[in-house]
Amino acid sequence: MTFTMYASCAPKGYVDMGLPSGTLWKESNEDGYYTYLSAKGKFGSSLPNTGQYEELMDNCTWQWTGKGFKVTGPNGNSLYFPFDGYIDCDSEMRMESNSAVLWTLEKAGASWAMCCVLSKNQKECLPESNCWSCSVRLVK
């Protein structure tokens, strides 16, 4: 019997975290903040779904750095999620330096969409107002 090992062939700018789904995560957030509709319009299905965030939460080691999280996958590769907060519907910056708030692909109602909140005390995906401007991290 012959076994063939394949090296990860992640496209440039993406990281293979060794996740069961094979999802590849972009090395860093996209520049800027986006409302849900602008993020969905610009990035479409490259936005992660809640299941992909939950897989990252469940299968990786999360190390709080004081300004974000270093996330290390089962294969030893890592990503960094900076705490850059979000901009609320009144254009006020919120939770900067305390959390990362990132859009997912899913809508959660007429004026709600799912985002993932990553902070020292919280790592979960939940519905928030789709007029917020949040960070975006892409997947393949």
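**Exercise 1. Establish which residue forms a salt bridge with Arg94, and how the partners are placed with respect to solvent.**

Solution. In this predicted model, Arg94 forms a salt bridge with Asp88, and the closest N and O atoms of the pair are 2.9 Å apart. That separation satisfies the criterion, because a side-chain nitrogen of Lys or Arg has to lie within 4 Å of a carboxyl oxygen of Asp or Glu. The next step is to take the accessibility of each partner in turn. Arg94 has a relative accessibility of 37% and therefore counts as partly exposed, whereas Asp88 is buried, with a relative accessible area of 12%. The structure holds 2 salt bridges, and the other partners to consider are Lys26 and Glu30.

**Exercise 2. Describe the surroundings of Glu30, beginning with the element in which Glu30 is found.**

Solution. Glu30 is found in the loop between strand 2 (24–26) and helix 1 (36–43). Lys26 forms a salt bridge with Glu30, with 2.8 Å between the closest N and O atoms, and the two side chains are likewise joined by a polar contact of 2.8 Å. To classify the two residues, one needs the cut-off that buried means under 20% relative accessible area. Glu30, at 17% relative accessibility, therefore counts as buried, while Lys26, at 21%, counts as partly exposed. Finally, if residues up to four places away in sequence are not counted, Glu30 touches Phe43, Val136 and Leu138.

**Exercise 3. Work out the arrangement of the open sheet that has the order 8-9-10, and place helix 1 relative to its strands.**

Solution. The sheet has 3 strands, and their pairing is antiparallel. Strand 8 (99–109) and strand 10 are the edge strands, since each pairs on one side only. Between neighbouring strands of this sheet the average turn is 25 degrees, with direction ignored. Looking at one pair in detail, strand 8 and strand 9 (residues 112–119) pair in the antiparallel sense over 7 bridges, and Leu102 stands opposite Cys116 in strand 9. Helix 1 lies across strand 8 and strand 9, and its direction is at about 80 degrees to strand 8.

For strand 10 (residues 122–129), Leu126 can serve as the example. Leu126 and Met114 are 12 residues apart in sequence, yet their C-alpha atoms are 5.3 Å apart in space. Not counting residues up to four places away in sequence, Leu126 touches Ala113, Met114, Cys115 and Val117.

**Exercise 4. Explain why one side of strand 3 and of strand 5 is left without a neighbour in the sheet, and identify the helix that packs on this sheet.**

Solution. An open sheet is formed by 3 strands in the order 3-4-5, with antiparallel pairing. Strand 3 (61–64) and strand 5 (78–82) stand at its edges with a single partner strand each, so one side of each has no neighbour in the sheet. From one strand to the next, the twist averages 20 degrees. Strand 3 and strand 4 (residues 68–72) run antiparallel and are joined by 4 bridges, and Trp62 stands opposite Val71 in strand 4. Helix 2 (residues 50–59) packs on the sheet, where it touches strand 3, strand 4 and strand 5, and its direction makes about 80 degrees with that of strand 3.

**Exercise 5. State how confident the prediction is, and where the pLDDT is below 50.**

Solution. The mean pLDDT of the protein is 93, and 94% of its residues reach 70 or more. Over residues 1–7, however, the pLDDT is below 50, and this stretch has 0 contacts in the model beyond near neighbours in sequence.

Technical notes
Residues numbered from 1 in each chain as written. Heavy atoms only, no water. Helix = DSSP H or I, 4+ residues; strand = E, 2+ residues; numbered from the N terminus. Buried < 20%, exposed > 50% of the residue type's maximum accessible area, 1.4 Å probe, protein only. Polar contact = N/O pair within 3.5 Å; in protein donor to acceptor, adjacent residues only side chain to side chain. Contact = heavy atoms within 4.5 Å. pLDDT = per-residue confidence, 0-100. Pairing = 2+ DSSP bridges. Axes fitted to C-alpha atoms, helices over the stretch in contact; angles between N-to-C directions.
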